[in-house]
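Please take the structure below as the starting point for a guided reading, which begins with a single residue and then widens its view.

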Amino acid sequence: MSSQSDGVANRESVDAHAAAPPTEHGDHNAVHQALLGAGLSVWEWTSADDSLHWIGVPPRFLQDVDHPVRDRASFLALVQEPHRAELDAAWQAALASGRDWSMDLQLDLKDCPWVRSVATASKLADGQVRLSGWIQCIERQKEVELELRRRERQLNALINHAPICIHQIDLNGRITSMNRTGLEMMGLENPGQICGVHYLDCTSDQDRTRIGQLLQKAIKGEGSEFEFTMGEGSSQLTFSSCFVPMRNELGEVYQLMGITADVTEQRRAERELKRSTEGYELAQRVARLERFDWTLADDGLVVSNGLKRMLGLGEEANVATIDAITSRIDPDYLPNWREAVRGCVHSGRELRVEFPLIAADGEQRWILALGDLRRDANGVATRLLGALTDITRQRRDADALRESQERYELAVRGTTEGVWDWNITTGNVFYSPRFRELLGYDSDDLASEKRVEWFTQALHPNERDEVWAAVDEHLQTREPFNREFRLRTQSGRYRLFHARGHAAWADDGTPTRMAGSIQDVTEQHEAQRLLREVVDLVPHQIFAKDAEGRFILSNSRHAEDLGLTPDEVTGRSQLDLTPDPQQAAAFLADDQRVIQAGRVTLIPEEQYTCPDGRQITLQTHKIPLRLPQSPPPSVGVLGVAIDITHLKETEHELRLSQDKFRSLVETTSDWVWEIDTSGHYTYSNPQLGRILGYSDEEVRILPREELFEDGEADRFEALLADSIKRRTGWRNTVLRMRARSGEVRFLESSATTVVDEHGVLVGFRGIDRDITDRKRAEEELAKTRSLLGAAVESSPAGVMIVDASGNLQTMNRAGALIGGLTDEEFEGENVASIVQSFETLDVHGQPLEAADLPLVRALSGETTHNYDMIARLRDGELRWLLVNAAPVRNTQGAIIAGVAMFMDVTDLKQGERQRESLIEELEEKNAELERFTYTVSHDLKSPIITIKGFLGLLEKDLAQGRDQVHDRISRIRNASDQMSQLLDELLELARIGRVESNRQPASLTELAQEAVLLIGGAIEKYNVQVEVQPNMPTVLVDRNRIIEALQNLLDNACRFSKDKPHPTVKIGFRVEAGEDIFFVADNGIGIPHEYHDKVLGLFEQLHPEEGGTGIGLAIVKRIIETHEGRLWIESPGEGLGATVCFTLGESESQP
Amino acid sequence: MTPPENGQPQPESTPAATDCHVLLVEDNPDHRELICTGLRDCHGDINIVNVNDGEQALAYLRRTGEYGDPQRSPRPQVVLLDLRMPKVDGLEVIRQLKTSEELKRIPVVVLTTSKAKIDVAKAYDYHANSYLLKPEEYSELQELLTSLSDYWLQRNQEPISLHDDRG
């Protein structure tokens, strides 16, 4: 069942357990209640009668179904295909094997298309099956799930197509997923091969510990970047990788994301470049090549530093002309040079010519010049690149040999042979006088000696037998007799002689006579021995051949390369000795050319296969060998061959290395270039065209201003000049260059110095990477940031950002405005210290702990919403602030800043407070009203109780005949009177608040006098002395009201002072703090201090026995209050009189 | 019977050291007379001490000022208390009595015209023992006073302090 395994079903499994379908009858009720409570609809179905029952409330969507859902078929009919078929199958499985199901179904209804259906089967005793289950509407869950899946798919597509390896690692360090690129990178076919593998098992042993530590750090939340290698030797791969800890909403690391890029090629390229450069320089040193670069068009010559010294050019001279070389060539050899150059330029032959050159130090050197022609696209020769090799030593070896040869020839010269003639038949021998001379005798001595025995006696005893054996052999074989032997001379010393001879035979073959000559070769032999020693010392092959190609000389090195000794070589022909007949023929052909031309010839390179199979390369000088003073043709060839195999191998390696370097730099996506110290590009790889659209040639000739964006050329010049001065390269310098299309390209440039073998800086070699896209992205980011910045700046709320250590980084203008900063202060440097100076208070005005400040809390990771606080600004003004604050985290989740947004809610708060005080006032009024109501009801009730009570007593009295009728009646009357007065005064009190008063200016003195007149009766009755202060201020008042108030006060004053001996009441005024205070003072019984406020209340009476209703002072208070005045009582204490004071507030007062 | 004089306690019978059945705290002289008459009608030999306001009531019970002599200010069996009075009102009297270790056991019965919720609530908050409304009809008043005296003076067990047997 598909939904059984899908992610949502698993996630929901907890719910499914909690609301497992009912299985036991006994549990039904409780379980059903729980299910119903969870919004699930429970059903039961029995196979016996195919009846389906809904237990409790059927699902709501059934209301939209027009057929009753009472059996399996009608239940299935609710479900859309293909879910209907799946459900049907599940149903059958449940019947057959009691399998439970849990699946999500799409219904064929409008409002509730997705439900979750869970069911369980149980076998009944009669063999029937009962299914119990529930369904639940999961429309919302399904939507969320689909959306989640959609996002997952997008994300997966992204991850899978990213050109880098992206993988997830769980907290145990095991890889849990890997994208397609990653699998390809590791040569795997499906994720199953890598999932579950421990990350460290993918690393080599040497990286294990290091990466293990990084992994542990990453699990603790610290990301890292690192490199590691896999595999061995040439298949070793280098990866650049990083761990990114992923955090959940609580900030806990729950897994790691790993990103790995294969940087093998990059690293290899870097290594190869380095190696190639080193190899190239090494080869250059070994070969002692001095390079030159001759531009034909302008005769400009650039030479390497060694050559500069040889030619006597200053090191600072960058360009010379070809004269620098030709002027030093031996004039005799100039034609050879010119011929060679012509051959090279016109006929395309390789330049190869030797000449003596007078070096700057005055010494003559033999130079081998080699060169190669460069042509432009049209085939026109442009440059000649070449090298000069100092071959002086090789030449010197050849010259030495020639000198020895001449000495040998001299030795031979001037000798004459001694002749002998032996008559075998007679046994007599003719020894010529020269013969005798050669043996040290005078020509006349032994003239008579004819005996062959004499010769035998002269022979060295060790050689006698050998010589006679040789003679015998000659006589028999008739092979020429040619032998060297030693003979004792007259002085007794032996000398070496070379004898040649030939016999004559009779017709029967009997030898009759043998004649020959001897030659003293002692000196000659010595010379040859010396020569041999010399030539054997030379480490090159030295040989001589006669015109027929027979070796007449072979030094040890030469013989060795033929696998023989020198003696074995001598006398044998080239054809015999050279294993490869083709090579032999070529050698002989060369010999013939030399013999014919009679000139020294250089065979720059010839391959030679030694008998032992070694392949060697020889560079051979062949010198025509001729007898002294004799004209051409020569008689043979003298050769000196240098083994240049190693040189060739080095050259070959060099070329390979250069090729490799070239292929590297030409295939890399970066622009690789070389530049000389004058800033001219000397090399560019083809990527230049891709990046800037220029060709190699163009970049050499284009002025820098064309290549660079405005201002950048100067920057580059400065960079170059500085780098030359400091003899260092540069790294990751971003340069803005201008492509051919006019488009700006951002190149990240890195370079190293290029020095020649003497350590002189000759230029720079570098790599520029096109980072335009990155730069664009950065610009976009910057734009977004500036937008964000503008949004913050123009935000009507204050915004403050602090760094991780709590220092203010930014505050926007709205913030400055709230903080009361002036524009100058806001633009200035001291914003932080001003903000720091604000006192922060909580809503009760208590200073805030630093730890409670929202920004401080933000830095410890807490987010604060709608926090109320107060800031006391510098001028002491309080600002109510509503603050929201939150931490700012980097991608690793570390807190790097805190941001707070705050609004000035002072007005709002003040409004709130006003409202609160208004409410308080209202409540007070309400309470007063309530008090009023019940005091009124109480005080009105009292007289009624009196009236009714005494009426009752009266009835009783009458019935019992008691005579207290008058007393009872008088009490009833008094109570009725009091009640009437009460009602009048209450009405009066109510009127004061209701009726709009009519204000007129009136003198308080005049009003007081009027009041005194009106209350005259009481004054007279109690015999009170009343005094009214004259000239009291004129005020704007409601006359009648104020008179009424004064009357009340006078009445009170009279009543409470009447028992004094001299009751006195005074109405007057005084000025206090610029305010007119009016008063009515008496010298009566006074009021204790604690009752000063109470007596002003409604119905409050201190002395009820004095009569009255307790409303009088309340009326006065009300009148004064309607005049915006205040009323209070002053009395030193009981018996000391009382003074009622009042003001008349805003009422215009006139003196 | 004559109206009582101002501010003076009005023992209705010959002062006897322990003879005080009722302390009547009432500022309205008419009501005072009605209550006294009513009480005597049903309970002829009753001793009633009259005070005019809360201040005097407290002075009597604390035996301060003019009530300094315990012989002349015996403890009442019950206090009948009006609420709205000058100076110290009835609620304040209850509060002070019921928070006094010495006086809190004396039964206090409120007898007032006020049906205000706040008065009823506060009286009980301060632990008044009973709260009665003054009826309008004299016959009803008499009935009330009859059952009141029957209950508080005849049936109710007088409070006893375990620590102090003075009262």
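A residue counts as buried when its relative accessible area is under 20%, and as exposed when that value is over 50%. In this predicted model, B:Arg75 has a relative accessible area of 14%, and it is therefore classed as buried. The residue sits in the loop that lies between α2 (54-62) and β3 (78-81) of chain B. Two polar partners can be named for the side chain of B:Arg75: a polar atom of that side chain lies 2.8 Å from the backbone oxygen of B:Leu61, and a polar contact of 3.0 Å joins the side chain to that of B:Glu102.

The loop that holds B:Arg75 has β3 of chain B at one of its ends, and this strand can be followed next. From β3(B), B:Val78 and B:Leu80 point one way while B:Val79 and B:Leu81 point the other way, and all of these residues are buried. The strand pairs with β1 (residues 22-25) of chain B, to which four bridges join it in a parallel arrangement, and it also pairs with β4 (residues 108-112) of chain B, again running parallel, through three bridges. B:Leu80 takes part in both pairings, since it is the bridge partner of B:Leu24 in β1(B) and its own bridge partner in β4(B) is B:Val109.

From these strands we turn to the interface of the two chains. Here 30 residues of chain B are in contact with 28 residues of chain A, and the area buried between the chains is about 2600 Å², with carbon and sulfur atoms giving 53% of it. On the side of chain B, the residues that lose the most area to chain A are B:Arg84, B:Lys87 and B:Glu136, which together account for 29% of what that side buries.

One of these residues, B:Glu136, also meets A:Lys948 in a salt bridge between their side chains, with a distance of 3.3 Å from N to O. Across the interface, the rule finds seven salt bridges, and it finds nine residue pairs in polar contact when both residues are at pLDDT 80 or more. The helices α1 (29-42), α4 (117-125) and α5 (138-155) of chain B each supply at least two residues to the side that touches chain A, and α1(B) gives the most, with seven residues. By residue class, the side of chain B that touches chain A divides into 12 charged, 10 nonpolar and eight polar residues.

Definitions and conventions: Residues are numbered from 1 along each chain as its sequence is written. Chains are lettered from A and ligands numbered from 1 in the order in which they are written. This is a predicted model: local features need pLDDT of at least 70, side-chain atom pairs count only at pLDDT 80 or more; totals for chains, interfaces and linings use all residues. Side-chain values use heavy atoms; hydrogens and water are left out. Contact means heavy atoms within 4.5 Å. Buried area is the accessible area (1.4 Å probe) that two parts lose on being put together, summed over both. A salt bridge is a side-chain nitrogen of Lys or Arg within 4 Å of a carboxyl oxygen of Asp or Glu. A polar contact is a pair of N or O atoms within 3.5 Å; within protein, one must be able to donate a hydrogen and the other to accept it, and residues adjacent in sequence count only if both atoms are side-chain atoms. Ala, Val, Leu, Ile, Met, Phe, Trp, Tyr, Cys and Pro count as nonpolar, Asp, Glu, Lys and Arg as charged, and the others, Gly among them, as polar. Buried means under 20% relative accessible area, exposed over 50%, partly exposed in between (1.4 Å probe, protein chains only). Two strands pair if DSSP finds at least two bridges between them.
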